[in-house]
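Biologist: I am new to this structure and would like a close look at one part of it, namely the sheet and the helices around it. Could you lead up to that part slowly, and then set a few single residues beside it?

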Amino acid sequence: MISSGALSLRGTAGSSPKHSAQFLSSSSQLRGDRVALQPGKAGTTPLRIPLLIQANQASNGQGQGRRGYNSRRRGGGKGGGKGGGGARRKVGSKNRTRTYIRSDGIEHLGSSLRQKGRPFPGPTGGQMEQDLPLRILPIGGLGEIGMNCMLVGHYDRYILLDAGLMFPDYDELGIQKVLPDISFIAQYRDKIEAVFITHGHEDHIGALPWVIPALDPRTPVFSGGFTMQLVKRRMMEYNLWNPDRFRTVKVGDRFQAGPFEIEPIRVTHSIPDCFGCVMRCADGNILHTGDWKIDETPVDGQVLDRARFQELGNEGITLMMSDSTNVLSPGRTTSEKDVSESLMQQVQGVKGRIIATQFASNLHRIHSMKNAADSVGRKLCFMGASLNTYLEAAWKNNTAPFDPALLIDPSEIDDMPPDKLMIITTGSQAEPMAMLNMASKGASRLLELTDTDTLLYSAKTIPGNEKRVMRMINKVSSLGTEIVMGNQTGLHTSGHAHRGELEEILQLVRPQHFLPVHGEYAFLIAHEQLAKETGIVHTDVIRNGGMIAVGDRRSRNEISSGSGLGIVRCGGVPLIRVYNDGNNATGNKDEMFMEERMSIATEGIIIASIAVVREIAGREGVGGLEFGEEGLRGSVKITTRALWTDGGKTLQVLQTVGEQTLGTLRRDSTLVHIERTVSDRMRKYMRTQHKKRPDVICIAHESADDVAAQGSLSRGGDKAGKARPGMQIRRKPKSDKDDAPFRGI
């Protein structure tokens with residue numbers, strides 16, 4: 001994070017994101033290039049300033065390395081100190097951490113706020129509208145894993161519950177983030193009066209840099225303290241932080257957010273400070289569990305508040321929504337304490353280095369890792385910026401499991417005895433640039449795996465990542481590193497409740513209506529069936545964009561206010577996905593050319609550069625050259641990507657196809673017509689001869705030599721019978737064999 005002595009990003013409740021930065025010090029080192037505001041002049045025109053804002057360095061000659069996180073290169077400081085260090089700082093040290101300014105608050109938005117003019121769904125008709133005051137409209141997270149985002153409303157007033165992203169599928173090439181329909185949120189920003197964040201996982205907070213600018217600048221955002229530290233860091237990266245707008249709450253607080261009084265409820269998950277919440281209003285209570293499990297012995301002592309859930313059941317819950325991720329897994333999850341004990345066993349007697357990988361956000365697991373390392377006299381080292389990010393957020397919230405100053409700097413690991421070191425790395429899912437994956441390929445300058453190392457794989461392979469994770473594991477194994485992984489090792493447990501736990505909470509709460517959320521469609525159906533088996537009469541399963549509405553009842557089976565409608569579907573809205581490439585390119589699938597990306601990847605691309613030579617009217621063949629009988633002449637240069645070219649033979653044939661196509665065109669053909677005709681012929685050849693449909697791009701231009709030649713001929717500058725260099729006049733084919741590429745096209 002940025003030191004307050006070096007930089008502060010602030011704004012006011014009514015200011016736009018573009019004018020939210022106030023630079024308080026000129027002592028920061030600045031590198032890179034991004035748009036931000038002129039220091040001290042709110043409302044001025046954006047100007048270019050560096051991407052990387054580096055906090056004050058110590059005056060003892062320590063410089064910043066040119067490489068990124070944990071560089072071993074020499075720094076750029078006057079004293080030539082070692083660079084790097086990454087996103088971690090040592091408490092009490094003069095070294096400061098850094099943060100990247102990714103946007104000026106606007107430039108990353110792309111077209112995501114462009115409104116589509118879609119009607120807002122809801123119950124219609126006087127009596128029905130009055131009888132169904134509580135309404136749910138999921139923007140993401142239903143029928144998928146990730147991108148959790150939902151509107152929860154009382155009549156026509158709503159709050160936004162979470163704003164998460166989803167990671168791309170295999171066919172979404174070049175994409176890093178999949179976002180909910182930001183334009184719909186922007187279109188109806190006047191209906192959204194608050195945002196409540198249940199916890200700090202990316203599938204719940206990752207879309208905030210796009211969602212926050214879509215909302216009214218006065219809309220408050222509520223979350224727990226640890227989560228708020230993560231949100232703050234993200235907002236500062238995108239120049240959107242406003243301390244007056246972002247508000248921290250605790251378990252048991254009751255606060256007003258739009259039409260609801262919200263009470264956060266303690267639940268256990270694989271990240272600290274995780275909330276469920278009950279939303280109260282005059283017409284009923286809505287319970288959302290958040291992501292949760294029942295862990296009787298969590299390592300941080302924060303047990304799910306089972307008694308509070310039972311009290312809420314006695315109070316009366318009109319509608320309950322619950323996490324469906326592990327509904328197909330029977331029984332109950334194991335405790336994080338069991339994982340801690342397994343780690344203790346695995347580190348005993350290991351002679352070489354211990355290298356462990358896990359989900360960076362799981363500070364409970366990091367705590368267990370630290371205890372295991374301490375038990376055998378090993379020092380702990382983090383490799384991977386996200387590990388430092390989560391630990392630092394906990395430290396600033398006074399909830400860190402240990403002091404970050406106790407960590408060993410990665411630059412020091414080569415000087416330590418192997419049996420005194422334990423390294424935690426990112427990369428459990430074989431992310432391309434993650435530390436473990438890079439080390440498996442020998443591409444990391446910080447971590448070199450050897451046959452004396454032991455790898456503890458303390459994570460679960462996320463569905464869809466199996467192949468790349470196994471490729472990484474195979475590479476690690478080929479280096480001789482011993483690998484400890486698998487269910488039998490006890491090195492991992494899920495953060496989502498299994499079927500037995502889901503059933504228990506349903507029986508405790510006994511809601512009038514039930515809506516399963518957070519999961520693939522099959523998971524939602526299975527969770528609905530489980531609710532029916534526990535005696536809940538009114539249930540439903542919907543998809544993103546579909547609205548339901550309910551009214552309160554005296555009990556699960558009796559009707560109050562005479563509605564008798566149960567869960568009512570109230571239409572919906574067609575939502576679009578928004579894609580971001582990791583930088584500023586943000587748009588829908590057409591704007592990001594998603595289908596074209598896949599087409600080029602699977603079918604290839606052909607680029608033809610055509611230099612057109614036009615024959616000169618009135619000139620006859622000279623010196624055995626045929627001049628003007630077949631129209632145009634020219635040279636064609638072929639470039640291909642992602643295509644098999646048969647050792648260059650396909651390129652030669654495509655060149656011939658292009659040149660012979662030119663010969664069939666009139667001398668006065670436009671460049672556009674030339675490009676279209678040559679493209680069509682090349683596509684037809686590839687389709688008929690290679691069964692491929694590549695993208696063909698032709699770029700035609702007048703030959704500079706041809707233009708010069710016309711001027712020279714008009715002045716009589718050349719003698720008859722001589723062909724000048726660059727004219728590219730071809731001899732007439734002597735036989736039909738020379739036209740072979742044309743046949744069948």
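Modeller: Contact, as the word is used here, means heavy atoms within 4.5 Å. The model is a predicted one, and with that in mind I begin with a residue that shows how the word is used. Lys116 sits in the loop between β5 (98-100) and α1 (126-131), and, once its neighbours within four places in sequence are left aside, Lys116 is in contact with Ser183, Gln187, Ile576 and Asn588. The C-alpha atom of Lys116 is separated by 9.9 Å from that of Ala186, a residue 70 residues apart from Lys116 along the chain. Lys116 is partly exposed, with a relative accessible area of 36%.

As a setting for the part you asked about, the chain has 745 residues, of which 54% count as buried, and it holds 17 helices and 31 strands. Of the contacts in the chain with a separation of 6 or more, 72% are between residues 24 or more positions apart.

Now to the sheet itself. It is an open sheet of five strands, which follow one another in the order β19-β20-β18-β21-β22 with parallel pairing. At its edges are β19 (379-383) and β22 (482-484), each of which pairs on one side only. On average, and with direction ignored, neighbouring strands of this sheet are turned by 20° against each other. In general, the strands of a sheet pair through backbone hydrogen bonds, either parallel or antiparallel. At one edge of this sheet, β19 runs parallel to strand β20 (residues 421-425), and five bridges join the two; within this pair, Phe382 stands opposite Ile424 in β20.

Towards the other edge, helix α11 (residues 466-478) lies across β21 (454-457) and β22, and the helix runs at about 160° to β21.

Beyond β20, the chain enters a loop that leads to α10 (435-440), and Ala430 is found in this loop. The phi angle of Ala430 is near 60°, a positive value in a residue other than glycine. Because its relative accessibility is 4%, Ala430 counts as buried. A useful comparison is Ala642, where phi is also near 60°, again a positive value in a residue other than glycine. Ala642 has its place in the loop between β30 (633-641) and α15 (649-663), but Ala642 is exposed, with a relative accessible area of 55%.

Helix α8 (residues 363-375) comes before β19 in the numbering, and Lys370 is found in this helix. With 11% relative accessibility, Lys370 counts as buried, since the cut-off for that word is under 20% relative accessible area. Apart from neighbours within four places in sequence, Lys370 is in contact with Leu380, Phe402 and Leu406.

The next helix to consider is α9 (residues 385-396), whose axis comes within 8 Å of the axis of helix α5 (residues 225-237), the two crossing at roughly 125°. That angle makes α5 oblique to α9, and α5 passes α9 in a right-handed crossing. On the side of α5 the contact is made by Phe226, Gln229, Leu230 and Arg233, while α9 brings Thr389, Tyr390, Ala393, Ala394 and Lys396. Sorted by class, the contact of α5 with α9 has five nonpolar, two polar and two charged residues.

Two further residues belong to short strands in the part of the sequence around α5. Ser223 has its place in strand β11 (residues 221-223), and at 0% relative accessibility Ser223 counts as buried. Leaving out its neighbours within four places in sequence, Ser223 is in contact with Ile197, Met228, Arg247, Thr248, Val249 and Phe275. Gln256, in turn, is found in strand β13 (residues 255-257), and, not counting residues up to four places away in sequence, Gln256 touches Phe222 and Glu261. The C-alpha atoms of Gln256 and Met279, which are 23 residues apart along the chain, are separated by 9.4 Å.

Technical notes:
Residues numbered from 1 in each chain as written. Predicted model: local features only at pLDDT ≥ 70, side-chain atom pairs only at ≥ 80, totals over all residues. Heavy atoms only, no water. Axes fitted to C-alpha atoms, helices over the stretch in contact; angles between N-to-C directions. Helix = DSSP H or I, 4+ residues; strand = E, 2+ residues; numbered from the N terminus. Parallel < 35°, antiparallel > 145°, perpendicular 65-115°, else oblique. Left-handed = near helix turned anticlockwise from the far one by under 90°. Nonpolar A, V, L, I, M, F, W, Y, C, P; charged D, E, K, R; others polar. Pairing = 2+ DSSP bridges. Buried < 20%, exposed > 50% of the residue type's maximum accessible area, 1.4 Å probe, protein only.
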